[in-house]
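This briefing is meant for someone meeting the structure for the first time. Please keep the sequence and the model side by side while reading, and look up each residue as it is named.

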Amino acid sequence: MKLSSTMFLRVVIYLMGFGVLALCAALLGEGFPNDGKGFAWFFVIPYLTVAPFLIVLWQTLKLLSYIDRGTAFSERSVKALKLIKYAAVTIGALYALILPTMYQAAQTEDAPGVMLIGLVLTCAPLAIGVFAAVLQKVLRSAIDIKSENDLTV
């Protein structure tokens, strides 16, 4: 398979990674407000989710390189999907930790959209984790079928 077929995805992944790192660097200079009401976690948790997010991007780049090399149906791909699953669930769990704080902020500021944003930030990574788990199982069964067919021939 040609490298150009996955080049667009690689560019998007690099742009996402650099964008998140630039946003973190820009917001780090602002400092964390701490008013004693727990709003500091509202600003700390997103920084804690950067590492799992970068792991997801790295594993996705590895999957794309496996696709380019023609080894997409391998144990390495299953392992990459497993790491994507765990990292995505970690991101969702970390954002779930600040849902009570987001609820408190929504009540204080009378902004119900804050809770919607919190739910999206929590559910989207969990959906990605579930999708990665399903892909992992499908890939595992495809590898098993392929190995059985190789043995019968």
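Phe 18 has a relative accessibility of 58%, and because anything over 50% is classed as exposed, Phe 18 counts as exposed. The model in which this value was computed is a predicted one, and the points below take up the ring of Phe 18, the salt bridges, some single residues and then the chain as a whole.

**The aromatic pair**

- When the whole structure is searched, one aromatic pair is found, and its members are Tyr 14 and Phe 18, whose ring centres lie 6.3 Å apart and whose planes meet at 20°, so that the pair is stacked.
- The word "stacked" follows from the angle, because planes under 30 degrees apart are put in that class.
- Tyr 14 and Phe 18 both belong to helix α1, which covers residues 7-28, and since they are four residues apart there, about one helical turn separates them.
- The two partners fall into separate accessibility classes, for Tyr 14, at 44% relative accessibility, counts as partly exposed, whereas Phe 18, at 58%, counts as exposed.

**Asp 68 and its partners**

- How many salt bridges does the model contain? The count comes to three, and one of them joins the side chains of Arg 10 and Asp 68, with a distance of 2.7 Å from N to O.
- Because Arg 10 lies in helix α1 and Asp 68 in helix α3, this pair ties together parts of the chain that are 58 residues apart in sequence.
- Helix α3, in which Asp 68 is found, spans residues 50-69.
- Is Asp 68 buried or exposed? Its relative accessibility is 13%, and because this is under 20%, Asp 68 counts as buried; Arg 10, its partner in the salt bridge, is buried as well.
- The side chain of Asp 68 is also joined to that of Thr 6, through a polar contact of 2.8 Å.

**The network around Arg 140**

- Another salt bridge brings together the side chains of Glu 75 and Arg 140, at 2.4 Å from N to O.
- This bridge links distant parts of the chain, with Glu 75 in helix α4 (residues 75-97) and Arg 140 in helix α6 (residues 113-152), at a separation of 65 residues.
- Arg 140 forms a further salt bridge with Asp 144, where the closest N and O atoms are 3.6 Å apart.
- In contrast to a link between two helices, Arg 140 and Asp 144 both lie in helix α6, four residues apart, or about one turn of the helix.
- Taken together, Glu 75, Arg 140 and Asp 144 are linked in a network of salt bridges.
- Each member of the network counts as partly exposed: Glu 75 has a relative accessibility of 44%, Arg 140 has 27%, and Asp 144 has 33%.

**Two other places to look at**

- Asp 110 sits in the loop between α5 (99-109) and α6, and its phi angle is near 55°, a positive value in a residue other than glycine.
- With a relative accessible area of 67%, Asp 110 is exposed.
- Ala 96 is found in helix α4 and, at 34% relative accessibility, counts as partly exposed.
- Between Ala 96 and Leu 121, which are 25 residues apart along the chain, the C-alpha atoms are separated by 8.3 Å.

**The chain as a whole**

- The protein chain has six helices and zero strands, so that the order of its elements from the N terminus on reads α-α-α-α-α-α.
- Among contacts between residues at least 6 apart in sequence, 74% join residues that are at least 24 apart.
- Of the 153 residues of the chain, 31% count as buried.
- The accessible surface comes to about 9,800 Å², and 73% of this area belongs to carbon and sulfur atoms.

**Confidence of the prediction**

- The chain has an average pLDDT of 87, and 89% of its residues score at least 70.
- Which element has the lowest mean pLDDT, and which the highest? The lowest mean, 76, belongs to helix α2 (residues 39-48), while helix α4 has the highest, at 95.

Notes: Residues are numbered from 1 along each chain as its sequence is written. This is a predicted model: local features need pLDDT of at least 70, side-chain atom pairs count only at pLDDT 80 or more; totals for chains, interfaces and linings use all residues. Side-chain values use heavy atoms; hydrogens and water are left out. Rings of Phe, Tyr and Trp (its six-membered ring) pair if their centres lie within 6.5 Å; planes under 30 degrees apart count as stacked, over 60 as edge-to-face and the rest as tilted. Buried means under 20% relative accessible area, exposed over 50%, partly exposed in between (1.4 Å probe, protein chains only). A polar contact is a pair of N or O atoms within 3.5 Å; within protein, one must be able to donate a hydrogen and the other to accept it, and residues adjacent in sequence count only if both atoms are side-chain atoms. A salt bridge is a side-chain nitrogen of Lys or Arg within 4 Å of a carboxyl oxygen of Asp or Glu. Contact means heavy atoms within 4.5 Å. Accessible areas come from the Shrake-Rupley method with a 1.4 Å probe; for residues, only the protein chains shown count as cover. pLDDT is the predictor's confidence in each residue, from 0 to 100.
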